[in-house]
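User: Could you take a close look at the interior of this protein for me, going through what lies there and what it touches? I would prefer one connected account that I can read alongside the model.

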Amino acid sequence: MSNVNTLPPGIFAAADYIDLARQALEEPVWHYLACGSGREITVRRNRGAFRNDAILPRLLRDVSAGHTRCELAGETLAHPVLLAPVAHQSLFHGDAEFATAQASAATDTRMIVSTLASRRLEEIRPHCALSPWFQLYFQPRREDTLDLAARAEAAGYGALVVTLDSTIQSPGLNALRAGFDTRRDTDPVNLSTYPGPQPTQLRRDQSRIFQGLMQHAPGPDDLRLLLAETRLPVWVKGVLRVDDALMLRDLGVAGLVISNHGGRALDGAPASLDVLPQIRAAVGDDYPLILDGGIRHGGDVFIAMAKGANAVAVGRLQACALAVAGPLGVAHMVRLLREELELTMAQSGCASLAEITADLLQKRPE
């Protein structure tokens, strides 16, 4: 954990925060932050997907009135970069989510607060200028899930982002080998008043996975109940399939976060970017989609927008910047991403996000 709140020299790109974070964090925490599930196939796919497209410049375009304003969920945002829900931020900086919220306020950035935050959701909210969103994990008891949603609504959060792709996760092997233990090293304070799942007595012929860990996995009725009980818009995070996207849209979900949980859920899942175009084609142009996974540069944001995203969310990059320089680091990282995006837009002749279209990309040869 860091308590540094000053910018170190030599940061010229948003991605520079990654190498610096490795120096700032203890080895087990670094591996927890950097690693994915299992063999980390999906982590590598997330990054590799952005290298598959070249961006075509356009000439003689007037971008002197250019901007990065983003229309999302009926609001106009200054730019399309959101701070993804990152759990256990006290691992990375002493001020944890308070620091990230302050950075979000300084940069006109929407923050999505994790259920597994290191600070109470009610205490984080006053540090945000834009109404934050609350990422929600379904709890073993329905009443506890609804209570979390009600707390977020009462505290002034603007939406719920329900994560559905990580009910069960493959262990991060590198983090385990480095000695990181989530049960020992984290404290999910927002769940402290709720009873945890009761231990299951399994018969010898039953599976620790199917009859054990998956017994509390949410189903369609849990989502329907939440949609009926909350007044907040409900987004779903963790969507990679067209049929799931259409089902969720038809259930009344406000929008989707196309995400593989940063490679921390199903190892071997496709890159979020690779499935984005087919989901966009299926749900239509007017249904909001956020791309999560693999963003390291403003050019990546451009590619995601060209493939159909309305906005993007950054997680690991956010945590790295927090570890390196606290709120200043997160704010600086967002500014760098935005300037990298602006530079890419200017060189490709795009004065607005609406002008970023698929014809500006060219598939690179294999």
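Analyst:
**A close look at the interior**

His-261 is buried, with a relative accessible area of 12% in this predicted model. The residue sits in the loop between strand S9 (255–258) and helix H12 (272–283), and its phi is positive, at about 65°, although His-261 is not a glycine. A second residue with this feature is Ala-96, a non-glycine whose phi is near 50°. Ala-96 belongs to helix H4 (residues 96–106) and, with a relative accessibility of 0%, counts as buried.

The strand that leads into the loop of His-261, S9, is part of an open sheet of eight strands, which run in the order S4-S11-S10-S9-S8-S7-S6-S5 with parallel pairing. At the edges of this sheet are strand S4 (81–83) and strand S5 (112–113), each of which pairs on one side only. Between S7 and S8 the pairing is parallel and rests on four bridges, and one residue pair can be named here, since Thr-163 has Lys-237 in S8 as its bridge partner.

Strand S8 covers residues 234–239 and includes Val-239, which is buried at a relative accessible area of 3%. Leaving out residues up to four places away in sequence, Val-239 touches Asp-244, Ala-245, Leu-248, Leu-256, Val-257, Ile-258, Ser-259 and Ile-279. One of these contacts, Ile-279, is 40 residues from Val-239 along the sequence, yet their C-alpha atoms are 9.1 Å apart in space.

Two of the residues touched by Val-239, Leu-256 and Ile-258, also stand out in the largest nonpolar core: among its 109 residues, Phe-92, Leu-256, Ile-258 and Met-333 touch the most other members. The element that gives the most to this core is helix H14 (residues 316–347), with 16 residues. Apart from neighbours within four places in sequence, Met-333 is in contact with Ala-14, Tyr-17, Leu-83, Val-314, Leu-317, Gln-318 and Ala-321.

Helix H14 also holds Ala-319, which counts as buried at 1% relative accessibility. Not counting residues up to four places away in sequence, Ala-319 touches Leu-33, Val-86 and Phe-92, the last of these being one of the core residues with the most contacts to other members. The C-alpha atom of Ala-319 is 8.9 Å from that of His-93, although 226 residues separate the two in sequence.

Ala-15 offers a contrast in exposure, because at 31% relative accessibility it counts as partly exposed. Ala-15 lies in the segment before helix H1 (16–24) and, leaving aside neighbours within four places in sequence, is in contact with Arg-296 and Leu-317. Leu-317 is also among the contacts of Met-333. The C-alpha atom of Ala-15 is separated by 8.9 Å from that of Leu-337, which is 322 residues away along the chain.

Helix H6 (residues 142–155) shows how a helix can present one side to its surroundings. Its 14 residues should span 20 Å at 1.5 Å a residue, and this agrees with the 20 Å between its end C-alpha atoms. The buried residues of H6 are Asp-144, Thr-145, Leu-148, Ala-149, Arg-151 and Ala-152; they lie on the same side of the helix, because they cover an arc of only 155° around its axis. In general, an α-helix has 3.6 residues a turn, so residues three or four places apart point the same way. The buried residues of H6 pack against helix H5 (121–124), strand S6 (133–136), strand S7 (160–163) and helix H10 (220–229). Just after H6, Gly-156 takes a positive phi of about 100°.

The cysteines remain to be considered, and here the structure holds zero disulfides. For Cys-128 the reason is distance: its sulfur is 18 Å from the closest cysteine sulfur, that of Cys-70, which is too far for a bond. Cys-320 is likewise in no disulfide, with its nearest cysteine sulfur, in Cys-35, 12 Å away. Cys-128 is buried, at a relative accessible area of 8%, and Cys-320 counts as buried as well, at 3% relative accessibility.

How values were computed
Residues are numbered from 1 along each chain as its sequence is written. This is a predicted model: local features need pLDDT of at least 70, side-chain atom pairs count only at pLDDT 80 or more; totals for chains, interfaces and linings use all residues. Side-chain values use heavy atoms; hydrogens and water are left out. A disulfide is a pair of cysteine sulfur atoms within 2.5 Å. Buried means under 20% relative accessible area, exposed over 50%, partly exposed in between (1.4 Å probe, protein chains only). Helices (H or I, at least four residues) and strands (E, at least two) are DSSP runs, numbered from the N terminus. Contact means heavy atoms within 4.5 Å. The expected span of a helix is 1.5 Å times one less than its number of residues. The arc is that of the directions from the helix axis to the C-beta atoms. A nonpolar core is a set of buried Ala, Val, Leu, Ile, Met, Phe, Trp, Tyr and Cys residues joined through side-chain atoms within 4.5 Å. Two strands pair if DSSP finds at least two bridges between them.
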